[in-house]
Amino acid sequence: RVPRRGTRSTLMKKKIAVVLVNRANYARMKPVMNALQTEPDVSMQTLCAGSLLLDRYGCAKNVVEADGFPVESEVYLQLEGSVPITMVKSIGLAVTEFASEFNRLKPDFVLMIGDRYEAMAAAIAAVYQNICLIHLQGGEISGSIDESTRHAITKLAHYHFPATKRAADYIVAMGEDPATVFPLGCPTCDVVTAASNHLPQDVLGQLGVGTSIDFTKPYLLVLFHPVTTDIGHQEQQMEAVLETVRRTGLQTVLLWPNIDAGSDLVAQAIRRFREFHRDYPLHAYKNLPPDIYIPLLNHASCCIGNSSSFVRETSFLGTPVVLVGSRQDGREWSPSVIRVEPVQSEIEAATKKQLAHGRYDASPMYGEPGVSARIASQIAKLEPYAQKQLHYVQRPNFPAL
């Protein structure tokens, strides 16, 4: 049951353990963490895990610390291989490691965002120790295994902060108590609002590998992650994206894929393209902090790939997007997005259309500035509880429990 407010001593600060598992995960959580730091009744603990700790993904834990968030815990959990069985074994290892860290830190709440398998491991480790779980960005629909993972976390979580009204409705339809659901918007809105529109070309030139990019001229932004429910086709899909890029002749900024099963196949296609097209104006980065990535998104002539940032962040910016394949299927997206199959001819046709169209109007579908402060303020009012129950309001086909 959801406890009554005011049952907790006002002299005790609520300890909230924030779980961060990858670069995008942190970018969206950062403004909420900033806001929580200003709440007088909250004590925040930061746990970094997954690819945030790996050098081949830019060791973004260093960015977290540089942003002023002391890291109390480092959870190493990834097994090499980038195939389904290593993902499954990584989840098992992660449950064990998160369980130990939560037992050591003894938080009142665990706060997480999104739909990563690493986050699901942390959710299991928390709720089986009767630690109250707060989940951001639940209730959304997408492709890949993330679709199932997100809803599994929702059913474990005690409080929910979905990004849209539709997502909130879906969470309630899943049997969650409406009193625990707070559709206050997506903190990405505040990430975009806070980011400068200035592209630091000197900094970008010192990072990554490849041909120098002149950011005063048009460029494409490419980010393609493997779809874990479609193992075996990632390499040819990435080849189709890169062939489209080559045919445009435009400068290209590329970010490496995440650590999901199939990422090695995507990486192979990228390396082969760079080997056979050494003179092509392409520059690749392992990881970029939000204050660089957002203006990079904003100034791009077109984004090509399947990153959720091409649906969410670009909705606030109006950057044209060619969304490739099924990874984001079912998400709410703005008119700036054209979805295509991972087939070169479709990708090329959509890219030409988007380049000809140019920028779109920004969309408020994921919220308006101030989301993070509203989320932090609501979190500060929450009381921890452990026992959940399936909850359905009275309706013709769902008798009250």
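**Exercise 1. Find out where Leu111 sits, and whether Leu111 is buried or exposed.**

Leu111 belongs to strand S4, residues 109-113. A quick word on names: helices (H or I, at least four residues) and strands (E, at least two) are DSSP runs, numbered from the N terminus. We're working with a predicted model, where local features need pLDDT of at least 70, side-chain atom pairs count only at pLDDT 80 or more, and totals for chains, interfaces and linings use all residues. Residues are numbered from 1 along each chain as its sequence is written, and side-chain values use heavy atoms, with hydrogens and water left out.

Next, the cover. Buried means under 20% relative accessible area, exposed over 50%, and partly exposed in between (1.4 Å probe, protein chains only). Leu111 has 0% relative accessibility, so Leu111 is buried.

Now the company that Leu111 keeps. Contact means heavy atoms within 4.5 Å. Skip the neighbours within four places in sequence, and Leu111 is in contact with Ile16, Ala17, Val18, Val19, Met29, Val32, Leu36, Ile134, Leu136 and Ile379. As for Met44, its C-alpha atom is 9.8 Å from that of Leu111, with their positions 67 residues apart along the chain.

**Exercise 2. Which of Lys106 and Gln137 is buried, and which is exposed?**

Start with Lys106, found in the loop between helix H3 (84-105) and S4. Its phi is positive, about 50°, although Lys106 is not a glycine. Lys106 counts as exposed because its relative accessibility is 52%.

Then take Gln137, in the loop between strand S5 (132-136) and helix H5 (146-156). Here too phi is positive, near 70°, in a residue other than glycine. But Gln137 has 6% relative accessibility, so this one counts as buried.

**Exercise 3. Check the length of helix H13 and say what its buried residues pack against.**

The expected span of a helix is 1.5 Å times one less than its number of residues. H13 covers residues 344-357, which makes 14 residues, so it should span 20 Å; the end C-alpha atoms are 20 Å apart, and the two agree.

Which residues of H13 are buried? They are Gln344, Ile347, Glu348, Ala350, Thr351 and Gln354. A handy rule for reading such a list: an α-helix has 3.6 residues a turn, so residues three or four places apart point the same way.

The buried residues of H13 pack against helix H9 (234-248) and three strands: S11 (302-305), S12 (321-324) and S13 (337-340). Just after H13 comes Gly358, with a positive phi near 80°.

**Exercise 4. Work out how enclosed helix H11 is.**

H11 runs over residues 290-299, and eight of its 10 residues are buried, so the rest of the structure largely encloses it. The buried ones are Pro290, Ile292, Tyr293, Ile294, Pro295, Leu296, Leu297 and Asn298.

**Exercise 5. What does Val371 touch?**

Val371 is in helix H14, residues 371-381. With 0% relative accessibility, Val371 counts as buried. Leaving out residues up to four places away in sequence, Val371 touches Leu184, Gly185, Cys186, Pro187 and Asp190. Cys189 is 182 residues from Val371 in sequence, yet their C-alpha atoms are 7.1 Å apart.

**Exercise 6. Follow the contact between Lys61 and Val71 from both ends.**

From one end: Lys61 is in helix H2 (residues 61-66) and is buried, with a relative accessible area of 12%. Beyond its neighbours within four places, Lys61 is in contact with Cys48, Leu52, Leu53, Val71 and Glu74.

From the other end: Val71 is in strand S3 (residues 71-75), and its relative accessible area of 18% makes it buried. With the same neighbours-within-four rule, Val71 is in contact with Thr46, Cys48, Lys61, Val64 and Glu65.

**Exercise 7. Step back and describe the whole protein chain.**

The secondary structure comes to 14 helices and 13 strands. For the radius of gyration, taken over C-alpha atoms, the globule rule is 2.2 Å times the number of residues to the power 0.38. With 401 residues, a compact globule would come near 21 Å; the chain has 21 Å, which agrees. The C-alpha atoms fill a box of roughly 65 × 45 × 40 Å along the principal axes.

Finally, 56% of the 401 residues count as buried. Of contacts between residues at least 6 apart in sequence, 72% join residues at least 24 apart.
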